[in-house]
Structures are given as structure tokens and as C-alpha cells.
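Welcome, and please load the model in your viewer. We will walk from stop to stop, with something to select at each one.

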Amino acid sequence: MSAKILAVQNVFTDRRAYVNALTYSIETETSASSKQGKQKDLEQYKKEKTAVEFPDGKKQDFDYEHLEESYNDLKNERTQLSAELGELIKPVNERKEKLDAYVSEHMVSLTPTQMAGLQDKTEAWTPKILQINVPEANIVDRCESCHMGIREPVMLSAASMSVKGKKTDEYARAFTSHPEPDLLRIHDADKFGCSPCHQGNGRATTSVEKAHGTYEHWLWRSSPGEIWRPVARPAMPRTWCW
């Protein structure tokens, strides 16, 4: 279809340019007799036939009117075919999106050696308190004592951290990666900790309730169900104790 349109277009473009130039000359002509003469020339030119050679080797003669009509019909047909093709491949594209999402979630760009090292590190892991000190802000942050997967080189979802065949629980969600790892490149957790952006009680380790600040003695609570979504703290004096 595109080759057929191109064959017609190569001839039509030149003829249309001449018609437009002659039409402009007629419109700007001040002499009535000259205008009339040019109008006759235009009508005569449009009646002249030009051969179009199609991709299959066949030739066809067109005057200007039928050449323009053929060109527009071919373009409209291509538009219609493109729309029909879009509908036909829509299910394919939808399945491809699902495949890409699955691959993105389950595949990583790590080498086999890196994957083996990550596996060894996980198997050798022992529970311990991880603490980040931010003395300039008087912050002690221990969030990663529980949220241990936020800076791993593999994107960890709640589904990937769940036991196969069992429903995703709160423990699986605690081991997930930070949803926006690019932010960690400009907000180094070793310098800022987590609670300055995500709020909660960064020091607490004895319960989820205390760590997330969802109790009556803590002012800046993490948003329930959205622990990793940054939220703005209200501007207020620190009249309370860490």
C-alpha cells in the first residue's frame, strides 16, 4: 500500500505544485485578460494526462482531477487498514505488556556471580539492629532493621517474597524494595535515613505500631498502607523528645 501511494505521490506532488503556482498567479493578476488566459491554461493543464507506474509494473494515465482523487483514496484506505490492523494486534500488544511486566518483575540484569553472591548473603543473614545517625538533624534511624530489602540490586515485590501458594502477608511486604530506587541515588539513605521523608519513629524497633508512629505519643505518623510514600511534615517546633 505504501509503495502504491508513493508511486502516485511522486507524480501528484509535482503536478499539484504547478497548479498551486498557477492558481496564485491567477489570484494576483490585475489584468482581466491575462487572468482569463491563465485560467484557460490552468484548465487545460488539469485535463492533460500523466502516466503513473505502479510497483507491479502496470501503468495508468490520470488527469489532474483523477490523480488527486486516487491519491486521497489511497491515503484513506491506508488509514482504514492501519486502524483495522491496530484492532487485530491489540490482543497481542496487551499480552506483550503483561509479558514485559512479568519479565521486569521476575528478571534482573545481574550476572550469575552477582546472583550467587546475593543468595549467599541472604542465607548468611542474621537479625540485627541497623542504625543510621544523622547528627545534623538529631535523627537516629533504624528502619532498615526491618525493611531490609529496600536497597538490594534486585527489585523485590511482596509477591516475590511470599511463600508459593500462600497469601501475601505483612512480613512479605516488609521485605520489598523501595518502589523508586532512582530516588536513593540522590537521597542516600546512609546520609538521610528513612524517617525524614517517610515519617514514623525511626528509633523504635519493639513493634510495628511504634516504628510507624501510629500511637498517641508520636506526632509524625507514617501513612497506613503507604509506608514508603514520602509525605511532608508540618512546620512545627520540636518541643518533644526523640
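A residue is called buried under 20% relative accessible area, exposed over 50%, and partly exposed in between, using a 1.4 Å probe and the protein chains only. Select Q199 to try this out: its relative accessibility is 8%, so Q199 counts as buried. Q199 also has a positive phi of about 65°, although it is not a glycine. You will find Q199 in the loop between α8 (195-198) and α9 (208-211).

Before moving on, note that this is a predicted model, in which local features need pLDDT of at least 70 and side-chain atom pairs count only at pLDDT 80 or more, while totals for chains, interfaces and linings use all residues. Residues are numbered from 1 along each chain as its sequence is written, and side-chain values use heavy atoms, with hydrogens and water left out.

**The whole chain**

Colour by secondary structure next. Helices (H or I, at least four residues) and strands (E, at least two) are DSSP runs, numbered from the N terminus. The protein chain has 9 helices and 4 strands, and from the N terminus on its elements run α-α-β-β-α-α-β-β-α-α-α-α-α. Of its 242 residues, 25% count as buried.

**The core**

Now select V8, V52, F54 and L67. In the largest nonpolar core, which has 17 residues, these four touch the most other members. A nonpolar core here is a set of buried Ala, Val, Leu, Ile, Met, Phe, Trp, Tyr and Cys residues joined through side-chain atoms within 4.5 Å. Which elements give two or more residues to this core? They are α1, α2 and α3, and α1 provides the largest share, 8 residues.

Stay on F54 and add K4. K4 lies over the face of F54, 5.7 Å from the ring centre. For a charge to sit over a ring, NZ of Lys or CZ of Arg must be within 6 Å of the ring centre and within 35 degrees of the ring normal.

**Aromatic pairs**

Show the aromatic side chains. Rings of Phe, Tyr and Trp (its six-membered ring) pair if their centres lie within 6.5 Å; planes under 30 degrees apart count as stacked, over 60 as edge-to-face and the rest as tilted. By this rule there are 3 aromatic pairs. In one of them, the ring centres of Y18 and Y45 are 4.4 Å apart and the planes are at 45°, so the pair is tilted. Y18 belongs to helix α1 (residues 2-28) and Y45 to helix α2 (residues 32-47), so the pair ties together parts that are 27 residues apart in sequence.

Buried or partly exposed: which is Y18? At 42% relative accessibility, Y18 is partly exposed, whereas Y45 is buried, at 17%. Add R15 to the view: R15 lies over the face of Y45, 4.4 Å from the ring centre. Then select F12, Y64 and Y71, which ring pairs link into a cluster.

**Salt bridges**

Switch to the charged side chains. A salt bridge is a side-chain nitrogen of Lys or Arg within 4 Å of a carboxyl oxygen of Asp or Glu, and the count comes to 6.

- K38 and E29: their side chains meet at 3.0 Å, N to O. K38 is partly exposed, with a relative accessible area of 23%.
- K121 and E152: this salt bridge spans 2.9 Å, N to O. K121 lies in helix α4 and E152 in the loop between β4 (139-141) and α5 (170-174), so the pair ties together parts that are 31 residues apart in sequence. E152 is partly exposed, at 21%.
- R151 and D190: here the distance is 3.1 Å, N to O. R151 lies in the loop between β4 and α5 and D190 in helix α7 (residues 189-192), so the pair ties together parts that are 39 residues apart in sequence. R151 is partly exposed, at 36%, and D190 is partly exposed, at 47%.

Widen the selection to E144, R151, D188 and D190: salt bridges that share partners join them into one network.

**Last stop**

Finally, select K128, in the loop between α4 (112-123) and β3 (132-134). K128 is exposed, at 53% relative accessibility. K128 and S145 are 17 residues apart in sequence and 6.5 Å apart in space, C-alpha to C-alpha.
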